[in-house]
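Reader: I'd like to go through this one with you, question by question. Can we start with the overall picture and then move to the details?

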Amino acid sequence: MADLKEVKSNTSHPRQSHSASHAGIDLRKPSVTTVLPDGDVPNFEGLTADEATLVALGYKQEFKREFSLWTTFCVSFAVLGLLPSFASTLVFGMGYAGTGGMVWGWLISWIFIQCVAMGMAELCSSMPTSGGLYYASAVLAPPGWGPYAAWITGWSNWCTQVTGAPSVNYALSAMILAAASITNPNYVPTEYQTFLLTVFIMLQHACISSMPTLWIARYNSFGSTLNMIGLVVVIIMIPASVTGTADTPKFFPSPQVWSIQNGTEWPDGIAVLMSFIAIIWTMSGYDAPFHLSEECSNAAVASPRAIVMTAGVGGLAGWALQLVVAYTVIDISSVIGSDLGQPWASYLIQVMPQKTALAILGLTIVCAYSMGQGCMVAASRVTFAYARDGCFPASFWIKRVNKHTSTPVNAVWFNTAIGICLLCLIFGGSVAIGAIFSVGAIAAYIAFTIPIFIKTFFVGDRFRRGPWHLGKFSKPIGMMACSFIVVMMPILCFPSVRGSDLTPELMNWTIVVYGGPMTLVNIWWFVSARKWFKGPVINVEHHMLGREEGVVNGVETSGSDTPTPGDSKKAELEGETLPTTEIR
């Protein structure tokens with residue numbers, strides 16, 4: 001494997017080499033991805049700004065940059081999948097705190113989630129690589145902590161990604177079978193039927209996600225457009241189609257809708273916080289542009305914009321859907337406890353004619369299919385990035401890019417196999433399979449927050465900004481994001497009942513499903529991984545933090561400033577610096 005030599009800026013000082021050696025920093029340690037032959041300084045001649053930035057981050061360009069701001073947003077919005085996500089998590093938002101929890105919970109938590117998204121976008125602009133949050137954690141962590149920060153962030157984020165498609169496709173299968181139950185009241189879905197249907201959908205999505213990048217971009221553009229149109233249609237159709245009953249109005253008064261109907265054994269405030277799981281899980285897909293940044297043109301600007309757009313548009317549209325449902329639902333207990341086994345289908349049947357309900361349910365099913373495929377694509381890019389840095393035992397196989405499609409096909413099928421294994425939780429009952437939703441929420445926001453926390457409280461003004469940044473609002477927004485996650489993580493592990501009412505069937509198994517694997521990951525680190533896992537290209541850390549030791553800059557060279565291999569070796573021997581132009 002080649003050594004990626006450091007490229008010093010023309011403001012470097014001769015004492016830097018001595019300082020770096022004294023600090024124990026190996027400026028010439030091998031990079032994870034082979035970039036250039038041994039002994040060569042990276043050559044940026046002929047590269048675009050995107051490619052040069054990626055090389056400066058320590059990776060060669062392996063994908064075609066065929067995603068634009070719009071298509072990147074489309075994939076992210078498809079992963080967000082507001083309509084199917086809302087349908088999948090209605091049991092949490094409505095079940096824990098009633099309609100008050102739906103409207104208040106979404107509005108309050110959305111403000112903090114937008115802070116997380118903006119903090120992430122700032123990181124993405126500075127480090128537009130598929131490794132995303134994992135890479136940022138390694139680069140920003142205090143000296144000596146980079147590999148461990150990357151290890152924890154990477155595995156937590158991978159837990160989110162690998163549970164995304166199975167959870168979405170499980171909810172999709174439940175909606176399909178609920179539609180069958182509505183049309184044929186004598187039919188009752190079984191667990192094995194749900195399992196087999198979900199596996200079948202997973203295999204379809206794996207095939208689609210293995211296609212060339214341009215095909216995937218076009219497919220997701222269509223799917224995201226359908227998701228947006230479907231969301232608007234549903235928001236309009238529900239108030240236009242509700243019928244009410246002889247004893248209930250079509251729309252309930254605001255004082256009743258905005259009041260808390262506690263469905264747990266906890267105080268009202270805790271119940272509202274528990275209802276946040278609906279929006280936290282729903283709004284956990286806006287990191288997709290970060291992971292697609294190596295396939296996006298003008299990534300340092302387009303990718304962070306796509307992150308903020310996804311969280312902003314998704315939050316506003318999702319709250320509108322929450323309001324529509326909250327003002328029209330008649331009986332919450334019957335929606336949650338319906339024999340259909342799918343609260344969204346139960347709600348639709350309760351408030352409108354059957355044919356209209358089936359039409360909306362059918363539209364939700366189509367949108368959910370697109371969302372599941374978007375989750376599969378995003379997850380495969382994350383898995384590829386981690387395998388490229390040797391995180392998995394079979395990284396040498398997982399990181400291979402298919403020579404025909406130029407996509408990480410092996411990573412797609414690796415995730416598919418893991419997802420199918422997770423779907424075996426279906427046979428443990430609704431509470432057991434429901435844990436993958438909580439795991440997705442907790443794992444995602446822990447991974448989101450670690451690099452934001454490090455940047456806010458450890459790096460501060462030393463952070464090297466990209467072209468998209470928050471300016472003077474960076475620190476307060478980062479503090480709001482971190483405080484929100486610190487409060488919410490334990491809340492998301494609470495069961496809805498307590499005391500003598502708490503049974504294994506009603507236990508919230510999130511702490512086991514997430515905490516178990518993460519405990520093993522930590523044990524693996526201290527026993528073995530700390531000896532061989534060094535994270536991504538750590539020598540880039542000095543560029544990002546603006547430290548003096550071994551500053552590494554993304555450069556574009558031209559004319560007489562372009563160093564030749566001979567000049568590079570000569571300058572290295574003489575301890576001189578080569579002129580560079582920093583890409584901001």
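Author: Sure. One term up front: a residue is called buried when its relative accessible area is under 20%. Keep in mind too that this is a predicted model.

Reader: With that cut-off, what percentage of the residues in the chain is buried?
Author: The chain has 584 residues. Counting those under 20% relative accessible area, the buried share comes to 58%.

Reader: And how many helices and strands are there?
Author: Strands are quickly dealt with, as the chain has zero of them. The helix count is 23.

Reader: Among contacts between residues at least 6 apart in sequence, what percentage joins residues at least 24 apart?
Author: Here a contact means heavy atoms within 4.5 Å. Taking the pairs at least 6 apart in sequence, the part that joins residues at least 24 apart is 83%.

Reader: What about the accessible surface: what percentage belongs to carbon and sulfur atoms?
Author: The total for the chain is about 22,200 Å². Of that surface, the carbon and sulfur portion is 64%.

Reader: Let's zoom in on helix 15. Which residue caps its N-terminal end?
Author: Helix 15 covers residues 343–351, and seven of its nine residues are buried, including Trp344. The backbone nitrogen of Trp344 lies 2.9 Å from a side-chain oxygen of the capping residue. That residue is Gln342.

Reader: Which helices do the buried residues of helix 15 pack against?
Author: The buried set includes Pro343, Tyr347, Leu348 and Val351. The buried residues of helix 15 pack against helix 4, helix 6, helix 8, helix 13, helix 14 and helix 16.

Reader: Helix 4 and helix 16 are both on that list. At what angle do they pack?
Author: Their axes are 8 Å apart. Leu83, Pro84, Ser85 and Ala87 of helix 4 make the contact with Thr364, Cys367, Ala368 and Met371 of helix 16. By class that gives six nonpolar, two polar and no charged residues. Helix 4 and helix 16 are roughly perpendicular, at an angle of about 105 degrees.

Reader: Ser85 is in that contact. Is it buried or exposed?
Author: Ser85 belongs to helix 4 and touches Leu80, Trp281, Thr282 and Met371, leaving out residues up to four places away in sequence. Its relative accessible area is 0%, so Ser85 is buried.

Reader: How does helix 16 sit against helix 18: at what angle do the axes cross?
Author: Met376, Ala379, Ser380, Thr383 and Phe384 of helix 16 meet Ala411, Val412, Phe414, Asn415 and Thr416 of helix 18. That contact has six nonpolar, four polar and no charged residues. The axes come within 8 Å of each other. Angles of 65 to 115 degrees count as roughly perpendicular, and this pair fits that label, crossing at roughly 110 degrees.

Reader: What is the relative accessibility of Ser370?
Author: Ser370 is in helix 16. Beyond residues up to four places away in sequence, Ser370 touches Ala78, Gly223, Ser224 and Asn227. Ser370 counts as buried because its relative accessibility is 4%.

Reader: Last one, Ile279: how far is its C-alpha atom from that of Trp319?
Author: Ile279 is in helix 11 and is buried, with a relative accessible area of 1%. Outside its neighbours within four places in sequence, Ile279 is in contact with Gly105, Trp106, Ser109, Trp110 and Ile113. Ile279 and Trp319 are 40 residues apart along the chain, and their C-alpha atoms are separated by 9.4 Å.

Technical notes
Residues numbered from 1 in each chain as written. Predicted model: local features only at pLDDT ≥ 70, side-chain atom pairs only at ≥ 80, totals over all residues. Heavy atoms only, no water. Buried < 20%, exposed > 50% of the residue type's maximum accessible area, 1.4 Å probe, protein only. Helix = DSSP H or I, 4+ residues; strand = E, 2+ residues; numbered from the N terminus. Polar contact = N/O pair within 3.5 Å; in protein donor to acceptor, adjacent residues only side chain to side chain. Areas by Shrake-Rupley, 256 points an atom, 1.4 Å probe, with all protein chains shown as cover. Axes fitted to C-alpha atoms, helices over the stretch in contact; angles between N-to-C directions. Parallel < 35°, antiparallel > 145°, perpendicular 65-115°, else oblique. Nonpolar A, V, L, I, M, F, W, Y, C, P; charged D, E, K, R; others polar.
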